[in-house]
Each structure stands twice: as C-alpha cells, then as structure tokens.
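Hi,

Here is the structure I promised to pass on. Have a look at it first, and then read my notes below.

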Amino acid sequence: MGKLDRYKTYAQFLPTPLKINIKNIDPALITEIEDFSGKDLGRGLLNHKLYHLTETLSLFDEENIDNRLESQVELSDVDNLILTASLKYFLNSKLLKQSGNWSLLIPNTAYAYPLLLTYHLILQHLGEGLVPTLGARFTHGSGVLIVTDNIELHSHVWRTTIADTFLRKFIDTYIIKGNKFEKFNLSKNDGTSGLGDGSLPWLCFYRAVRHELLETFEKIPEIIILDLIPLRHRHRALSLIEWAKKHSNHVIIVAPLFDDVTYSAIKTSDNIILPLDPASVDLLRNIFREENQNAFSNSVTASWSIKASQIYLTRERPIFYIHNIQGTKSIESKINEVLSLVSNYQSFRAVKKLVGTISEISNLIIPLSLYEQLLASSGKPSLLSKIHSCEKIMPEDEHERRIYQTILPLAVKLTKELYGLLKDHSGSPRGEAISNVIQNNAGRKILVITSNKLAAYEFKVWLRVKTGLTAADLINLTVISQDEWVTSQLREVYFEDKSLSEIIILANVWKPKFLSSFLFISTTTVHCISFNNEERLYTYQINKVNCSDQDYKQELIKAFFKLTNIQLPLSTQEIKPIINKSITNVSSVRGELQDKENKNVTVDDLFDEKTLVSMITFDGDDEHEFDLDNDEFFNSIADNEDANSHEEFVPSVKVTVKINGIIKTVFVEQGTPMKIVRNGNEDIISANPLELKNGDIWVRIKGKQRRELFETVLELASNTMVMKWIQVNVSEWREMVQTLWQRFHHHNSFRKNTYVKIMRAVNQNGGNVDSYLTISNWVKGEVSAVRDEKNVKAVAQILGDPEYKKRWQVLYKAMRTLWNIHIKLGKILGKVITDSATRLHDINYLKDEWVDLGMDIKLPLDDVFNAMELATVSTVDIDRDYYIHQRFLEKTLSENEVNILSTKGWLKYESL
C-alpha cells in the first residue's frame with residue numbers, strides 16, 4: 001500500500017508538459033522535449049494547487065495598520081521553459097562537471113529569480129525521492145550557495161511558505177558568518193528549528209562583501225548561483241565566475257541585461273547564455289501552442305519570475321520623444337571647446353576630474369546658483385572648488401607634465417567661463433525643457449528621472465517657485481535620480497501596474513552602469529531632454545535596449561538548441577522603437593546673440609557613442625574623490641576660494657574626538673542633534689554639542705557626516721510596505737519645508753534670520769516652536785525634530801495649499817511612526833555599541849546578525865556598522881563661539897588643517 005501511495009503522490013507532482021509549436025520540425029524532437037518537461041517535478045510542484053510557493057506581506061496604510069496579503073509565485077510559459085532548461089543543464093553537469101553551466105540575463109525587476117531556480121531544483125530532488133526519474137538528485141549533504149548582495153532575497157525566503165510551512169523551516173537555510181555556515185534567522189522572536197531532517201539540499205546565502213572570497217567550505221555546494229543583478233559584484237564578475245567554477249559542480253549566473261561588464265565576463269567563461277530581452281522573449285512566446293493569455297501577476301511575488309516583468313519585454317516598445325534644447329548655443333560651444341581640447345588626455349587624473357565636473361554642470365536640472373547653495377548646505381565641495389582642485393593634481397610622468405603645463409591651464413580657464421555663463425543665468429536649460437513637457441501633459445502621472453540625486457530633491461520645489469504651480473497641480477509628479485530608479489527595481493516588494501507612470505521624462509543620458517534599468521512599458525511615453533547634441537546618444541541607448549540584439553539572438557539560438565536539438569525559428573519582423581524628434585525653446589543665455597555668429601565646435605566626430613556617454617554622464621558615486629578630507633582638495637579649496645565671498649559662516653561648537661585612536665577636531669553647528677551613547681546608558685540619544693560630555697560615544701555616518709544617522713541606517717533595511725508609506729509622506733513634508741524656505745529666504749539674507757522669520761510665522765499660525773534651531777533642523781531634514789502636530793498644521797496653514805491642508809494629519813502620522821522606529825533602533829544599536837565598548841573598532845563578531853524593528857523591517861548589522869563611525873568625545877570648547885564656513889561643518893580635521901582654515905579666514909571665533 002505504501003508503494004502505491006508513493007506513486008500516487010508522484011503522479012500528483014507531474015507537471016503539464018511544455019506545448020511546443022514549431023513547423024517543419026521532426027515531430028520526434030518535439031515529443032522528446034515535451035516528454036522531458038513532463039518529468040520536471042520541481043516545476044510541477046511550483047505550479048501545484050497545494051504545494052506552490054506563497055509569500056505573505058504586511059500591507060500598511062493610514063487606515064489599516066496590519067493587513068496581510070498572500071500571493072502565489074506565478075509562472076509564465078517562458079518561466080516554465082527556463083526552469084525546464086535549468087533542469088536539463090543541471091543534468092548535463094551531473095554527467096560531466098560544469099558542462100551545463102549557464103547564464104540567464106533578465107530585467108532588474110525579476111531580481112528574485114535566483115530563489116526560483118534554487119527551489120525548483122530542490123523540489124525536483126524532493127520529487128525524485130519518491131520515484132527516481134531523471135537522476136537530478138543532489139549529492140547527500142550538498143546544497144545551493146547563492147552569492148548575492150541583495151538582502152531582499154533573505155526577506156523573500158523569510159516570508160515564503162510551501163503548503164503553509166515556512167521555507168526556512170522546511171529546507172535548511174544558512175548564511176555565511178565568519179567563514180562558517182550559521183542558521184538563517186531574521187528575528188530572534190521566531191526560531192529557525194524546522195521540520196527538515198537533512199535529507200533535502202540546503203540553501204545558503206553568501207554576501208561576499210570582502211575582497212577575499214571563502215576558499216574552504218564545511219558544507220560542499222553542488223550548485224553555486226552568482227547573482228550579478230545587484231550593482232556591487234558586477235565589476236568583479238569574471239573573478240567570481242572563476243571562483244565558483246573551482247568550488248562547485250554546476251554554476252548558474254543570473255545577470256542583468258545590457259550590462260557590458262558582466263556580459264563580457266560571461267562570454268569569456270564558456271557558458272550557455274539565455275538572454276531575455278524583448279526580442280528573445282518575443283521569439284520564445286511564439287513557439288508555444290497554447291500561450292497563457294492571463295497577463296495578471298500577483299503583486300507580492302512579481303520579482304520571483306518573468307511573468308510580471310513581461311510588460312517590459314513586449315514586442316510593442318514605448319514611444320520615445322527626443323526634445324532638442326534650442327537657445328543655449330554659447331554654452332554648448334564652450335562645452336564642446338573644452339571637451340575637444342582634452343579629448344585625448346583623460347589618462348591624466350586631473351583631466352578626468354575636470355571632465356566629470358563639466359558633466360555635472362551640464363547635467364543640472366536646477367539653476368547652477370541654487371545647486372551651489374545645496375552643495376554648501378550639504379557640506380559638499382562647490383563646483384568651482386572642484387574646478388580649482390584639478391589644478392592641484394600633480395603629474396606623475398613626463399607625458400602628464402606636458403599636459404599639466406600646456407593643456408590643463410586652458411581647459412580650466414574654459415571651464416570657468418562655462419561656469420560663469422550658467423552662474424549668471426537665472427534658470428536651467430534642462431529644467432525649463434522639462435517644465436515645458438510637464439505643462440504640456442498636465443493631469444497625467446509623470447515621472448522625471450535625472451542623474452543627480454541632490455538636484456532631484458530640489459527640482460519640484462524650484463518648479464513650483466518658477467511656475468507658480470500648486471501642490472495639487474504637481475500631485476502626479478515624482479522626481480527621482482537614476483540611482484533611485486535602479487534601487488527601486490532591485491528592491492520592489494509590491495508591484496502594481498496601476499502605479500506606473502504614463503509619462504517618463506529622462507533629464508539626462510543614462511549612466512552606462514545603469515543601462516540594465518533602461519526598460520519601460522509599452523504604454524508609457526518617454527521624453528528625452530537633449531542638450532548639446534545628446535540626440536545621438538539617446539538614440540544609441542534607445543536602440544541598444546529596444547531593438548533586436550544580434551549577439552543575444554545568436555546566444556538564444558544556441559541555448560535553445562542545447563535544450564531541444566531544435567533550431568529556433570526566427571521572426572521575420574524586427575523589433576524597432578518609434579523615435580520622434582522635436583525642438584524645445586528655452587530662455588537664452590547671456591552672450592547668446594554674439595555666440596550665434598561663432599562656429600560651434602563639436603566633439604561628435606571625435607568619439608564613438610560609448611565613449612561620449614561615459615564623458616557626459618556625471619556619476620555621483622565619484623564624489624568621494626573630491627572629499628574635503630583629501631589633502632589635495634583641502635588645500636585647493638583653502639587656497640582658491642574667497643572665504644568672505646559667498647555663503648555665511650555658521651555658529652559652531654569645537655569638539656575634539658578620538659577616532660581609531662587618532663585625535664581629530666570637529667566643528668558642529670550649534671543646536672544640531674547629535675546621536676550619542678552616554679556612559680551608563682544603553683540607548684542612542686540625541687544631544688546638542690554643548691551637552692556633550694567626556695567619554696560620550698558619538699555615532700556618525702562614515703564618509704557622509706552631515707547625513708542623519710537613523711535615516712541613513714534605515715536605507716540599509718529590507719524594503720517593506722510601511723517604509724514605502726513613510727517615505728512617500730515624509731518626502732511630502734520635506735517638500736513643504738523647502739517650499740516654506742524658498743518663500744521666506746532671500747539670497748542676501750542670513751540663514752539665521754530666515755529661521756527666525758519662519759519660527760514666528762509658525763507660532764502665529766498655531767504652532768509651538770521655541771527656538772530657531774528647531775526650524776534649522778527641519779530644513780536640514782531632521783524628521784525627528786517634528787514632535788508636535790500643531791507645527792505640521794501650522795506649516796500647512798502658512799503655505800495655504802489645499803492639498804497640504806487636507807493631508808497634514810497623515811504626514812504627521814507617518815513622521816510619528818518613523819520617530820518610533822528611530823527610538824527602537826536607537827535602543828538596539830545603543831545596546832550593541834555599549835556591549836562592545838571595550839572593542840569599539842573590533843565589531844567583526846557581529847557580522848551578519850540582524851536587527852528586527854517590527855512591522856517586517858529587518859536590518860543587517862554588518863551593513864550598519866560598515867556605515868557607522870564611532871568617535872569618542874574628548875573635549876568640548878565652551879569658552880568660545882566659533883564661526884566656520886558651512887562647507888567645513890562636521891569634517892574631521894587635524895590640528896594643522898584647523899590652523900590653515902583659521903589663517904585663510906574660513907574659521908573665526910569670539911571668546912565668551
């Protein structure tokens with residue numbers, strides 16, 4: 001009877017075979033692949049009514065705090081084909097080690113695919129335990145090692161069940177901690193003791209964040225899956241592939257589409273390559289006899305499969321409009337003149353930095369003068385300082401010395417002239433062009449994507465001031481950076497078709513490293529803002545992503561033949577996007593009439609598209625090269641900028657601290673809430689600089705000291721619906737505060753006077769603010785400083801916008817929720833720091849532990865401590881009032897650097 005039950009259960013797991021429809025092919029070949037797919041037990045279980053994967057997600061909104069939604073992991077016909085191919089390739093490697101190694105190229109939105117591939121093969125092992133079928137069982141004691149830097153995969157596993165049993169309890173799941181396998185656990189409130197008896201293959205996550213990779217394993221992986229979808233590991237794809245081949249029998253690479261770095265590494269590694277770009281998906285969908293017409297995909301599990309991502313991969317491509325800016329010929333001539341001059345000299349670091357600064361200037365979507373103010377208030381070097389710093393980079397050989405003496409001085413002079421042209425211009429050419437598109441599409445859902453995150457935060461406020469539009473007018477407008485667009489794709493946990501924008505405006509040419517995210521649905525209209533002949537580059541990127549890629553096509557044909565012994569039939573109709581071009585006029589720049597008579601120097605003929613794109617796409621990740629802590633740049637800014645020429649000095653407190661045993665001096669603005677752990681206290685608390693005591697541990701963000709601690713830390717947490725809800729509402733509050741600032745602040749007025757004006761207005765409208773420093777903290781983005789709902793209501797009253805008056809209570813609730821999360825985070829991190837007080841700079845024993853903040857918010861402690869810097873307070877100077885240029889606030893300075901700032905006039909003081 002037992003044997004009969006075993007076969008009955010086995011029969012229930014058998015999947016529906018793939019239904020292939022290819023004409024003029026030997027029917028025996030089709031029968032062979034269909035029969036094989038009918039024994040794909042892992043796929044059968046994933047599609048089973050009872051044993052499929054189900055993920056549960058806590059929803060959150062202001063009305064319903066604890067609403068949970070369950071969704072099944074759904075597969076499309078293309079997904080079913082991929083899984084069967086994965087099984088076949090695995091069997092090839094079982095026969096001959098690594099002969100079935102393969103790579104899957106997918107959109108970022110399907111980032112959880114490594115999990116689908118893993119559970120598919122583990123479930124195949126489970127099914128063949130009932131009745132040996134294909135010989136696809138793992139070696140006893142082995143499993144799957146997923147190398148990934150995406151913590152969302154951890155969260156998906158934590159939330160997912162099979163037949164009402166959590167996967168983490170059904171299948172032994174580990175993480176690599178201190179080079180050892182440790183049980184996977186995201187919450188100390190929910191143990192990991194499971195039902196597994198060790199007979200199933202295990203799953204282990206390895207983040208591989210250190211340069212040195214693990215070389216000895218206490219458990220041997222039969223399969224290693226390299227997840228190259230996150231950005232971190234792409235640059236060392238080749239070394240990871242070679243490492244994986246050394247330590248497993250079978251290697252699967254999941255990589256992004258259209259990424260040249262990872263694709264080059266894959267091509268050199270003798271892999272089967274299965275690309276899923278729009279043209280490939282179109283070819284695969286055409287071979288099925290009965291295509292699944294159900295386009296609906298469950299929102300919670302959309303990232304597990306290609307099904308939800310197919311809206312980005314249809315034959316119909318978006319319609320693109322390229323708007324060429326007219327009225328900026330003098331600026332364009334100056335840019336082309338300097339780029340033509342330095343075109344052959346970018347091997348010299350000074351020239352490369354200068355080109356990066358030109359790119360940053362030309363890509364702005366807000367006025368340059370406003371951007372300089374934002375840089376100063378954020379503690380970042382000004383654009384003018386960056387230009388000057390290039391002159392301070394010394395040549396390293398005779399070739400560079402000649403460039404330094406002949407080419408660089410003229411290039412710097414021309415760049416300063418470009419800076420002057422835009423500094424004197426009250427507007428922004430790109431910003432005006434974007435505004436034109438927005439106003440022509442009023443009432444529609446619009447998303448603006450720019451390359452500069454700082455400018456993205458300010459654009460909406462500037463647009464309101466420039467155009468007089470209200471919050472209601474802009475309620476459907478969202479502005480984000482390219483970095484944020486990529487991050488949203490790699491971390492989305494709840495996908496809704498209805499949330500997608502009707503209009504997307506690309507403010508800048510796409511950064512090459514982000515090209516894998518350059519996919520938009522066919523119903524979206526994409527507007528590209530072209531400045532200085534960028535039309536050619538937009539066209540290049542649009543065609544690269546949306547047209548049939550011949551190399552991808554050949555790899556798909558080879559992969560399909562490896563699976564079926566059938567030649568994949570090709571479509572006679574090529575996929576090609578529609579690209580429309582137009583002129584958009586903006587206000588002319590000073591000197592435009594004279595420049596119209598000059599010949600416009602062009603760099604189009606000097607470079608190919610890839611080189612040009614790399615030159616003109618400003619990459620904010622390179623900002624660390626201009627860090628004030630860098631001697632080269634510090635000396636440059638101290639020497640070249642007039643300390644009294646712009647931006648006021650800030651009243652500050654001088655604090656000496658010890659970091660890694662080295663004494664440093666830091667100037668902190670008076671009233672700034674500092675996150676500290678005090679001796680005898682296990683919480684992280686806020687304290688003003690004058691309240692500091694000797695021995696306090698100041699917890700700061702490493703490398704970005706002016707950023708708020710908890711806000712930065714929470715960016716490292718797994719994505720949840722509550723954090724999405726908080727982010728939307730807190731962003732609206734910050735927009736209100738910036739609009740308030742723009743209304744009260746004048747360019748020539750002191751910031752303190754503006755803070756006082758705003759404080760009085762808030763109190764006159766029913767608020768309760770007792771210090772101008774509170775307003776200062778609001779403007780700096782300190783949400784935790786908003787403690788009284790009366791103040792939120794008062795700001796809404798002052799602005800007078802009906803949308804704000806309607807929503808102020810929701811905004812306050814979101815900030816209060818975030819405040820409570822901050823309190824809990826402060827208690828947890830404070831205790832950890834206190835427990836490790838005797839070894840503040842030896843926190844390796846905490847690696848890969850997790851913080852559970854409730855509401856499904858999980859945080860990896862290793863990431864937290866990698867981002868934090870712990871400074872022990874030594875002294876606080878209470879005898880003097882210091883006034884320091886805001887650019888140097890909270891920078892760690894040596895005694896010599898403090899003397900330089902004082903000598904150059906950047907630092908002043910008054911004795912009390």
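**What I found**

Let's start with strands β10 and β11 (residues 250-256), which pair in the parallel sense over 5 bridges. Keep in mind as you read that this is a predicted model. If you want a spot to click on, isoleucine 223 stands opposite histidine 250 in β11. Getting from β10 to β11, the chain passes through helix α8 (residues 237-247), and this β-α-β crossover is right-handed.

β10 has a partner in strand β4 (residues 143-147) too: these two pair in the parallel sense over 5 bridges. Here valine 147 has leucine 226 in β10 as its bridge partner.

So is β10 buried or exposed? Buried counts as under 20% relative accessible area. In β10 (residues 221-227), 7 of the 7 residues are buried, so the strand is largely enclosed by the rest of the structure.

**A pair of helices**

Next, helices α2 (residues 27-37) and α4 (residues 77-95). Their axes come within 10 Å and cross at roughly 90 degrees. Angles of 65 to 115 degrees count as roughly perpendicular, and α2 and α4 are therefore roughly perpendicular to each other.

Which residues of α2 and α4 meet? From α2 there are Ile33, Phe36 and Ser37, and from α4 there are Thr84, Leu87, Lys88 and Leu91. Sorted by class, the contact of α2 with α4 has 4 nonpolar, 2 polar and 1 charged residues.

**The six-stranded sheet**

Further along the chain, 6 strands form an open sheet, and the pairing is parallel. The strand order is β15-β14-β16-β17-β13-β18. At the edges you will find β15 (477-481) and β18 (578-585), each of which pairs on one side only. On average, neighbouring strands of this sheet are turned by 20 degrees against each other, direction ignored.

Within the sheet, look at strand β14 (residues 446-450) and strand β16 (residues 503-506): they pair in the parallel sense over 4 bridges. Valine 448 stands opposite isoleucine 505 in β16.

Which helix packs on the sheet, touching β13, β16, β17 and β18? That is α19 (residues 535-546). For finding its contacts, β13 covers 319-326 and β17 covers 525-530. The direction of α19 makes about 170 degrees with that of β13.

Those are my notes; happy to go through them together.

Cheers

Note on methods. Residues numbered from 1 in each chain as written. Predicted model: local features only at pLDDT ≥ 70, side-chain atom pairs only at ≥ 80, totals over all residues. Heavy atoms only, no water. Buried < 20%, exposed > 50% of the residue type's maximum accessible area, 1.4 Å probe, protein only. Pairing = 2+ DSSP bridges. Right-handed = clockwise from strand over helix to strand, strands pointing away. Axes fitted to C-alpha atoms, helices over the stretch in contact; angles between N-to-C directions. Parallel < 35°, antiparallel > 145°, perpendicular 65-115°, else oblique. Contact = heavy atoms within 4.5 Å. Nonpolar A, V, L, I, M, F, W, Y, C, P; charged D, E, K, R; others polar.
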